[in-house]
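Here is a short report on one protein chain. Look over the sequence and the fold before reading on.

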Amino acid sequence: MSAVPRPSGPFVPAGSVRIFDTTLRDGEQAPGAGLTATEKLEVARQLVRLKVDVIEAGFPAASPGDFEAVRRIAQETKGGIAVAALARCRDGDPQRAIEAIGIAERPHLHVFIATSDIHLKHKLRVDRETALAEAVKWVRYGREQLGRDAEIEFSAEDASRTDLDYLLQIYEAVVEAGASTVNIPDTVGYAIPSEFGALVGKVVSLVGDQATVSVHCHNDLGLATANTLAAVQAGARQVEVTINGLGERAGNASLEEVVMALRTRPTQFPQLGSHVQTEQITAASRLVSYLTGFAVQPNKAIVGGNAFAHESGIHQDGMLKNPLTYEIMTPQSVGLQGSQLTIGKLSGRRGLQGKLKELGYDVEGDRLEVIYRQAIALADAKKEVTDADLVALVEQRTAEVPASIELLGWSVTSSHGGQATGTVSVSVVGDVRSTESTGNGPVNALFAAVDAAVEPVLGWHPVLTEYEIRAVSAGEDAQGQVLVRCRRSSDQGPGALVVSGHGLSTNIIEASLEGYLVALNKLHGAEIPLIAGAFVASETAENLP
Ligand SMILES: [Zn+2]
């Protein structure tokens, strides 16, 4: 057998913890959090602005759509940020992952196999020796294919419930075979910080400076961040985290909590910072929440709406005298501007651009022009345009899809106790159609009219699976933001594609129709949606680390 080319350390520069973001892989596996390839790219760009060290872009063997998204992120991501792809230790998976990340400036292959007896026996139906041999085989393969300088990471799925001697044996073997990072996933969120720290310490002593020790903690007991920090104190130098703690079941350790703990308590983590631009955290949180449709709870640490709000009189008094009385970090440090001031009529494109930059968005060119015109129109319709309004406008322009189906006009009549009647005029792939329909409310009637207009041309109509409306800011003239989720009427069962669409207007009926049309255009096949539900329902219906 040929000698395995050894990577040359150190793998993580002294004085830092490597931030491995898996929002686009583990986060996207959260049921209903499916993202299209364009949306994934948008999140990846924000992760670049956030300056994470590694972006885990997906699981290329899961679907052609996921493969394509990983390939595009690998192609676009520069500036020393690595792009990782996940693969099972199974013929076909690592090859597909390498194909997707091979073009990356810094490819990072992540192979995994379950190691706990319960997973080996009931899921993989193989013995320990076979699992170990497979792990070694695919780590060696990855190292040979990607060469000396690539990052090859091995994860022992369900490590925290794996027999310790066997776990250490497998880590030793994969490092020998060329792994430069060994990951210890607490796949089911079972570990307690003291015990997890002790486990990490044993693995750190075992691999020494031959490999970086990584952790991947789930939040089933609400301990993901605590376990991750205990691991760092025990010598882990890579942490796998997600924006907003998104992820399967109760989610993963949240990036913002781990990063801000390292930053706020430096004496507890001597010489262990991250390179994350924390001022980009709020923008990242909002983007991920917006695109996945997963709201952030108001009391969520760091990024919740109330995380920096001080309501009680005693606290407010203290805050006014000195913010340090009740504030351990500043809102500015996470990119939350203290001001919620109104801007009234805007002071030109440059003024708007500067304001958006303050809010964490780099917008220029055509996109700036469109947002500028919308903001001016909004300033005419509404007494005051707030920061929240501007953020909503930027988000609305994010990850747009080409519109083959356009709404040309609508009207609706609705009264107390009666049915609503809606009329729409819609251009369906160039074919202009006007239809009328009734429903038990104005939105219902108009959606039915849209369905009647598109069905004869497309052969299907959207089926609404979820509808949400919220006010962007306070006041009677607030903009309404609508989120719809839809599937095709022709596409049923657990694997059906479900896409989201957002609408934004001071008129909630207009916002509802806008969101419906966005979802309709996505379904029309502008691109391949990458849906977590579809993915879980396929042959890969197993827990990933
Ligand atoms: Zn996971």
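What share of the chain's contacts with a separation of 6 or more is made by residues 24 or more positions apart? They account for 68% of those contacts.

## Overall make-up

This is a predicted model. The chain has 545 residues, and 54% of them are buried. It holds 17 helices and 16 strands.

The accessible surface of the chain is about 22600 Å². Carbon and sulfur atoms contribute 51% of that surface.

## The eight-stranded barrel

Eight strands form a closed barrel. The order is S1-S3-S4-S5-S6-S7-S8-S9, and the pairing is parallel. On average, neighbouring strands here are turned by 25° against each other, direction ignored.

Strand S1 (residues 18–21) pairs with strand S9 (residues 238–241). The two run in the parallel sense and share four bridges. Within this pair, Phe20 has Glu240 in S9 as its bridge partner. Helix H3 (residues 93–101) packs on the barrel sheet. H3 touches strand S4 (82–88) and strand S5 (107–114). The direction of H3 makes about 165° with that of S4.

## The three-stranded sheet

A second element is an open sheet of three strands, ordered S10-S11-S12. Its pairing is antiparallel. Strand S10 (405–413) and strand S12 (431–439) are the edge strands, each pairing on one side only. Neighbouring strands of this sheet are turned by 15° against each other on average, direction ignored.

S10 pairs with strand S11 (residues 420–428) in the antiparallel sense, over eight bridges. Glu406 stands opposite Ser427 in S11. Helix H15 (residues 442–458) packs on this sheet and touches S10, S11 and S12. The direction of H15 makes about 140° with that of S12.

## The largest pocket

How many residues line the largest pocket? The lining counts 42 residues. Arg286, Val303, Gly305, Val391 and Arg470 lie nearest the pocket centre. The pocket volume is about 1200 Å³.

Which element supplies the largest share of the lining? Helix H10 (281–292) does, with six residues. Helix H14 (387–396), strand S13 (462–471) and strand S14 (480–488) also supply at least two lining residues each.

Methods
Residues are numbered from 1 along each chain as its sequence is written. This is a predicted model: local features need pLDDT of at least 70, side-chain atom pairs count only at pLDDT 80 or more; totals for chains, interfaces and linings use all residues. Side-chain values use heavy atoms; hydrogens and water are left out. Buried means under 20% relative accessible area, exposed over 50%, partly exposed in between (1.4 Å probe, protein chains only). Contact means heavy atoms within 4.5 Å. Accessible areas come from the Shrake-Rupley method with a 1.4 Å probe; for residues, only the protein chains shown count as cover. Two strands pair if DSSP finds at least two bridges between them. Axes are lines fitted to C-alpha atoms, for helices over the stretch in contact, and angles run from 0 to 180 degrees between N-to-C directions. On a 1 Å grid over the protein atoms alone, a cavity is a set of points where a 1.4 Å probe fits but cannot get out, and a pocket is an open set with protein on both sides within 12 Å along at least five of seven lines; lining residues have an atom within 4 Å of a point. Grid points are joined across faces, edges and corners, and a volume is the space filled by probe spheres set on the points.
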